[in-house]
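Let's take a quick tour of a protein and the small molecule it holds. Have the structure open and follow along.

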Amino acid sequence: MIHILLYLNTYCIKKEELPKEMSEKKVTKIGVLTSGGDSPGMNAAVRAVVRTGIYHGLEVYGIMRGYSGMIEDDIFRMDSRSVANIIQRGGTILKTARSKEFFEPEGRAKAYQNLSKRGIDGLVIIGGDGSFRGAQKFSNEFDIPCIGLPGTIDKDIAGSDFTIGFDTAVNTAVEAIDKIRDTADAHDRLFIVEVMGRDAGYIALHSGIATGAENILIPETKTDIEELIASLTEKEKRRKLVNLIVVAEGDEFGGGNEIAAIIKKRLPNADTRVCILGHIQRGGSPTCLDRLIASRMGYHAVECLLTGRYNVMVGILNNKMNYIPLNNAIKAKQKISEDWFKIVKILAS
Ligand code: ADP
């Protein structure tokens, strides 16, 4: 109680000073959930939300399996101990899911009933842009403030230099690709490594540069197959037989298998192998960076709810907290700077 009184005193903001996404309404009970694709570091974010909420005298509730748990009333009270010993664990103790029912007004109404019967008046949603879309709709319909934390290995959300899980995923990819290079080198092989990224090429771009890949194929740029074949032919001529191509699963020509089929047809003598890294990129203990950003974002999510800064995504830009309205987080994708492409071209020659 003392905490709350102190807090209200400190954060009292005059109504006329409030920007559009701010409100005077104070939250007292908050729910936290992880939704959509899982990413390492989600647990660290949940821990930060729970402990910051409790520090400020709020009641904190965990919602299981994203919006599904909200609809099915799978909600439980959390205390400081509920999040003990989880900061180092991949996955999410709250589980995650995709909920078809939440797309429907009836599903969202059911979810609202389950929150309101407990008096939950604020939500922290850890997920990707799909989850933010759901949150935006929900808060428009029911006046429950929602704070989004970018939890995705794809790093494709605008307004934040980091997303929770990207650093771990990309480091997993780097470790695996380094190992592949060893065996590729031993046999003089052309290796095509497929990494995750249906719509975003960040994992491919970063892991490709970090492992010295000769070619990096991503959905954001047009893949010039003729140029790729020409460069492989030229390398074959000068007996540079080890080549590493990193491809994002969503490249317009397809993933590793499709690219390999094209190359085999055009360069039948190349000793070509494909490795699809798959779901190992989603798991594992989060890196220090992911634990830190998740902790920082989780802490600030609760601060947002307490200060009436509602319906924003909490990001980190230039090492400062950045709050962007959920609406904008949904619309804008993070763009890959042209600089990266130049670096790839020069360093891989
Ligand atoms: P991510 O958050 O990782 O991008 P999804 O796109 O699968 O994952 O979204 C997660 C969940 O968010 C969906 O299963 C659905 O319940 C909810 N959601 C996504 N888009 C909407 C929408 N337009 N309206 C309502 N709910 C949505």
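Start with G128: one of its backbone N or O atoms lies 2.9 Å from an oxygen atom of the ligand. Keep in mind that this is a predicted model. From that contact we can work outwards to the rest of the ligand's surroundings, and then hop over to some aromatic rings.

**Polar contacts with the ligand**
- S99 joins in through its backbone too, with a polar atom there sitting 2.7 Å from an oxygen atom of the ligand.
- D129 uses its side chain instead: a polar atom of that side chain is 3.4 Å from a ligand oxygen.
- On its own, the ligand has 550 Å² of accessible area, and the protein covers 84% of that.

**Who's around the ligand**
- There are 16 residues around the ligand, and the ones that come nearest are R98, S99, G128, G130 and S131.
- Helix α5 (residues 129–142) gives the largest share of this shell, with 6 residues.
- Sorted by class, the shell has 8 polar, 5 charged and 3 nonpolar residues.
- Looking for the largest pocket? It's the space that the ligand takes up.

**Aromatic rings**
- The structure has 5 aromatic pairs.
- Take Y67 and F102: their ring centres are 3.8 Å apart and their planes are at 5°, so this pair counts as stacked.
- This pair ties together distant parts of the chain, as its two residues are 35 residues apart.
- Y67 belongs to helix α3 (residues 67–71), while F102 is in the loop between β3 (75–78) and α4 (105–116).

How values were computed. Residues are numbered from 1 along each chain as its sequence is written. This is a predicted model: local features need pLDDT of at least 70, side-chain atom pairs count only at pLDDT 80 or more; totals for chains, interfaces and linings use all residues. Side-chain values use heavy atoms; hydrogens and water are left out. A residue is near a molecule or strand if one of its heavy atoms lies within 4 Å of it. A polar contact is a pair of N or O atoms within 3.5 Å; within protein, one must be able to donate a hydrogen and the other to accept it, and residues adjacent in sequence count only if both atoms are side-chain atoms. Accessible areas come from the Shrake-Rupley method with a 1.4 Å probe; for residues, only the protein chains shown count as cover. On a 1 Å grid over the protein atoms alone, a cavity is a set of points where a 1.4 Å probe fits but cannot get out, and a pocket is an open set with protein on both sides within 12 Å along at least five of seven lines; lining residues have an atom within 4 Å of a point. A molecule sits in a cavity or pocket if more than half of its atoms lie within 2 Å of its grid points. Helices (H or I, at least four residues) and strands (E, at least two) are DSSP runs, numbered from the N terminus. Ala, Val, Leu, Ile, Met, Phe, Trp, Tyr, Cys and Pro count as nonpolar, Asp, Glu, Lys and Arg as charged, and the others, Gly among them, as polar. Rings of Phe, Tyr and Trp (its six-membered ring) pair if their centres lie within 6.5 Å; planes under 30 degrees apart count as stacked, over 60 as edge-to-face and the rest as tilted.
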